[in-house]
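Visitor: I am new to this structure, and I would like a close look at one part of it. Please show me the open space that a probe can find in it, and what surrounds that space.

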Amino acid sequence: MDLIHPTSKADVVDAIRQANATKHRMLVVGGRRHLDKGNPAAVDAELWTTQLDRRVAYEPAEMIAVVEAGMRVGELERILAEGGQEWPSDAPADATVGGVIASGASSPRRLRFGALRDTVLEAEIVTGDGWLVRSGARTVKNVTGYDLHKLVAGSLGTLGVIVQVALKVRPFPHARRTLRFEGDLGLARWLVDAVHGSTSVLATPGAVELRLEGWPDEVDEQTTIARRVAAATAEEDMPFPSERPWEAMPIVVEAAVPPSRLDAAAVGDAWGALAGVGLAWVGLGAPNGELGELRDRVRAAGGIAPVVRGPGGLGDAPVAAPQVQRRLKEAFDPNGVLAPGRGWRNAEA
């Protein structure tokens, strides 16, 4: 298999146009942290983005950072820390910024900060037929044009190669606190309803963690409210989440369901569920009947359960507007150069 290491946007354009000319299929690779998400795709080459790692612009007063997509998350964190700011991805330090966006990765702090795609203000993308396009603008309030930069978030590199992004970043909170309780998803839901503005409420087997971030007075007030709901077994600025039982398992599923149906995904003894969000990470031991049973439960609850680590792919759950997704694939990658078959099967058929 050929390994392609472009060092510029022009190199990416040339590589993809060459692939179209030779009818070669390629897989876009960043930090290799999210390659298991998606169905297996037979390719002839890997296009690595890790040498597209330059800082383009960063002014802390603007709270916008512009970087090339191959920059490692750890390097972005270092740059932003100098300005007292962060990009709330909570992704591994060796993941790339573009890989985190393209995989549609979710942060445990999604309850407060929302989806990471909403932090992408602008993106430069090389489409599957070799055109460099730009979408969005380096302003927080922008309503012009199509949101192509949001479209490629979660596309798994099947529509284009993200080569540069402008990110909305945020100041570090002045106070952080994690409260740990003995409890279940029921308690987690009560905390979401009671403690407004909480950063995260994560339930794991037998325990619930409430994450609070903000101004000291705000965090103190939220803590007081939480204590009225239940007695915490620990209160400190501990790492969050303090435990990730699902990460010890060879297979990890990221299930997404309506928040009220989160119990459908909280199965076994190695899971973490984000109350108020409807997202759960579930660790499994092997790609056997366990995975099928989990997917059946999640599908019945109106959700999806793709594997994000290990074998298993995306599954065969119906996805929204498959005809639209097929037309997008045909428009952005008409020759099927970018990992054909990696996306949802009924959206690429």
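Guide: Let's start with a word we need: a pocket is an open set of grid points with protein on both sides within 12 Å along at least five of seven lines, and its lining residues have an atom within 4 Å of a point. Please keep in mind that what you see is a predicted model.

With that in hand, look for the largest pocket, which holds about 980 Å³ of space. Its lining counts 37 residues, and A153, G154, S155, Q325 and W344 are the ones closest to the centre. Several elements supply at least two lining residues each, namely α3, β15 (251-256), α9 (322-332) and α10 (345-348). Sorted by class, the lining of this pocket holds 22 nonpolar residues, nine polar ones and six charged ones.

Next comes the second largest pocket, with a volume of about 590 Å³. Here 23 residues form the lining, and R33, H34, P92, E247 and V308 lie nearest the centre. You will meet α3 and β15 again, since each of them gives at least two residues to this lining, as does β18. The classes here come to ten nonpolar, four polar and nine charged residues.

Now for the spaces that are closed off. A cavity is a place where a 1.4 Å probe fits but cannot get out, and the model has two of 30 Å³ or more. The largest cavity contains about 250 Å³ of space. Around it stand 22 lining residues, with V28, G30, G98, G99 and A102 nearest its centre. Two or more residues of this lining come from each of β2 (26-29), α3 (97-103) and β9 (160-168). Helix α3 contributes the most, with four residues. In this lining, nine residues are nonpolar, ten are polar and three are charged.

The second largest cavity has about 50 Å³ of space. Its lining can be listed in full: R295, R299, G303, I304, A305, L314, G315, D316, A317 and W344. If W344 sounds familiar, that residue was also one of those closest to the centre of the largest pocket. Five nonpolar, two polar and three charged residues make up the lining of the second largest cavity.

To place these spaces, it helps to know the sheet that holds β15 and β18. Eight strands form an open, antiparallel sheet in the order β14-β11-β13-β12-β16-β17-β15-β18. At its edges lie β14 (234-236) and β18 (307-309), each pairing on one side only. From one strand to the next, the twist averages 20°. Toward the β14 edge, β11 (residues 175-182) runs antiparallel to β14, and three bridges join them. There, R180 stands opposite A234 of β14. Helix α7 (residues 216-229) packs on the sheet and touches β11, β13 (207-214) and β14, with its direction at about 155° to that of β13.

Finally, step back to see the whole. The protein chain has ten helices and 18 strands, and its C-alpha atoms fill a box of roughly 65 × 50 × 35 Å along the principal axes. Its radius of gyration is 21 Å, which agrees with the value near 20 Å for a compact globule of 349 residues.

Note on methods. Residues are numbered from 1 along each chain as its sequence is written. This is a predicted model: local features need pLDDT of at least 70, side-chain atom pairs count only at pLDDT 80 or more; totals for chains, interfaces and linings use all residues. Side-chain values use heavy atoms; hydrogens and water are left out. On a 1 Å grid over the protein atoms alone, a cavity is a set of points where a 1.4 Å probe fits but cannot get out, and a pocket is an open set with protein on both sides within 12 Å along at least five of seven lines; lining residues have an atom within 4 Å of a point. Grid points are joined across faces, edges and corners, and a volume is the space filled by probe spheres set on the points. Ala, Val, Leu, Ile, Met, Phe, Trp, Tyr, Cys and Pro count as nonpolar, Asp, Glu, Lys and Arg as charged, and the others, Gly among them, as polar. Two strands pair if DSSP finds at least two bridges between them. Axes are lines fitted to C-alpha atoms, for helices over the stretch in contact, and angles run from 0 to 180 degrees between N-to-C directions. Contact means heavy atoms within 4.5 Å. The radius of gyration is taken over C-alpha atoms; the globule rule is 2.2 Å times the number of residues to the power 0.38.
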